[in-house]
Amino acid sequence: MMQPSVPLQNLRMQKWVASVSLVLVVLKFAAYYFTASVAILTDAMESIVNVVAGFVGAYSLFIAAQPRDRNHPYGHGKAEFLSAAVEGILIGATGIFILYEAIRKLINPVPVERVDLGIILIAITAIINYALGAVCIQKGKKNRSLALEASGRHLQTDTYSTLAVIAGLIVIYFTRIYWIDAMVAVILAGFILYTSYNIIRRSIAGIMDEADKVLQEEMIQYINGYRRENWIDLHNLRIIKYGSIFHIDAHLTVPWYFNVREAHEEIDIFSNIIKEAYGASVELFVHSDGCVEGVQCPICLKKDCPVRKQPFEKKVAWTLDNVLNNKKHYS
């Protein structure tokens, strides 16, 4: 049976996130109804954001899964970054609201009722949230989807906040010190606002095509392992992410006397090596350059070069600095 495309896999996963989040928010508001705990209300409010963000994320992945067209020649993957930005803003707004409510209850503490029932209900949501978040992050990393990763990290953030709520409720259960409930909510609000900042920061970076240094380092190191003697150097490497799709531009220097067919064969080998590691979601535009006769001989690995002017001196390792520059390599 044929596997669905990467964008469709992302969309299916996001639909699960939205559906499960809807069930969990009902459980959390039930816990708040029985306990009147502001910390549980904090958790429930964050879950509402999970639901809204889940549906926003599902819609963005639906857009991202659409094939490229005349108006969007690079596809619709940027919709994922917009979705992540919206989710980050929603999380931030929730954090501000929670902080307000927590400070209000800190000034005027109120009793927390049926603490044991509240602990049981939100503990169930914590287990489900963490498991779903882990699957979401794993799938997002595998398919290189920021929207899925953002949803997964949001679910796990929700889990950590739920664990903090449970810890606070356990202390309240044994001590009957009710201001602890509001203090837990204040701490959670700060954590939520920090998460909001990180998600918004990454989404803006994606929209602005900010270079992913970790990805670049990883790819350059991988290519170094498969380097061929006909590849004199690699330069002007650029990677742009459109959702789960990579657009890679690069200049590959080959011996100057290669004809068009020979140069194209080297480009095909280079492209296939990258696709083997990063899958069919990679789109490459590799330009072939001829080496500078005599000048690049000292770094050329080709053993049977018929026009070598100088002896080989040393192998120049491909690094982030020399591969990203739009300049051929020299000894």
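**A chat about helix H4, three positive phi values and a cavity**

Mentor: In this predicted model, asparagine 236 has a relative accessible area of 10% and therefore counts as buried.

Trainee: And where does asparagine 236 lie?

Mentor: Asparagine 236 belongs to strand S1, which covers residues 233-242, and its phi is near 55°, a positive value in a residue other than glycine.

Trainee: What about arginine 114, where is that found?

Mentor: Arginine 114 sits in the loop that runs between helix H3 (79-107) and H4, and its phi, near 40°, is likewise positive in a residue that is not glycine.

Trainee: Moving on to H4, how far apart are its end C-alpha atoms?

Mentor: They are 41 Å apart, which agrees with the 42 Å that the 29 residues of H4 should span at 1.5 Å a residue. Just after H4 comes arginine 144, with a positive phi of about 55°.

Trainee: Is asparagine 129 buried or exposed?

Mentor: Asparagine 129, which has its place in helix H4 (residues 115-143), counts as buried because its relative accessibility is 2%, and the cut-off for buried is under 20%.

Trainee: Which residues is asparagine 129 in contact with, leaving aside its neighbours within four places in sequence?

Mentor: Those contacts are with Leu24, Lys28, Leu155, Asp158 and Thr159.

Trainee: New topic: how many cavities of 30 Å³ or more are there?

Mentor: The count is two, and the largest cavity holds about 90 Å³ of space.

Trainee: What lines the largest cavity?

Mentor: Its lining is made of 14 residues, with Trp256, Cys291, Cys297, Cys300 and Cys305 lying nearest the centre; by class, the lining has ten nonpolar, two polar and two charged residues.

Conventions:
Residues are numbered from 1 along each chain as its sequence is written. This is a predicted model: local features need pLDDT of at least 70, side-chain atom pairs count only at pLDDT 80 or more; totals for chains, interfaces and linings use all residues. Side-chain values use heavy atoms; hydrogens and water are left out. Helices (H or I, at least four residues) and strands (E, at least two) are DSSP runs, numbered from the N terminus. Buried means under 20% relative accessible area, exposed over 50%, partly exposed in between (1.4 Å probe, protein chains only). Contact means heavy atoms within 4.5 Å. The expected span of a helix is 1.5 Å times one less than its number of residues. On a 1 Å grid over the protein atoms alone, a cavity is a set of points where a 1.4 Å probe fits but cannot get out, and a pocket is an open set with protein on both sides within 12 Å along at least five of seven lines; lining residues have an atom within 4 Å of a point. Grid points are joined across faces, edges and corners, and a volume is the space filled by probe spheres set on the points. Ala, Val, Leu, Ile, Met, Phe, Trp, Tyr, Cys and Pro count as nonpolar, Asp, Glu, Lys and Arg as charged, and the others, Gly among them, as polar.
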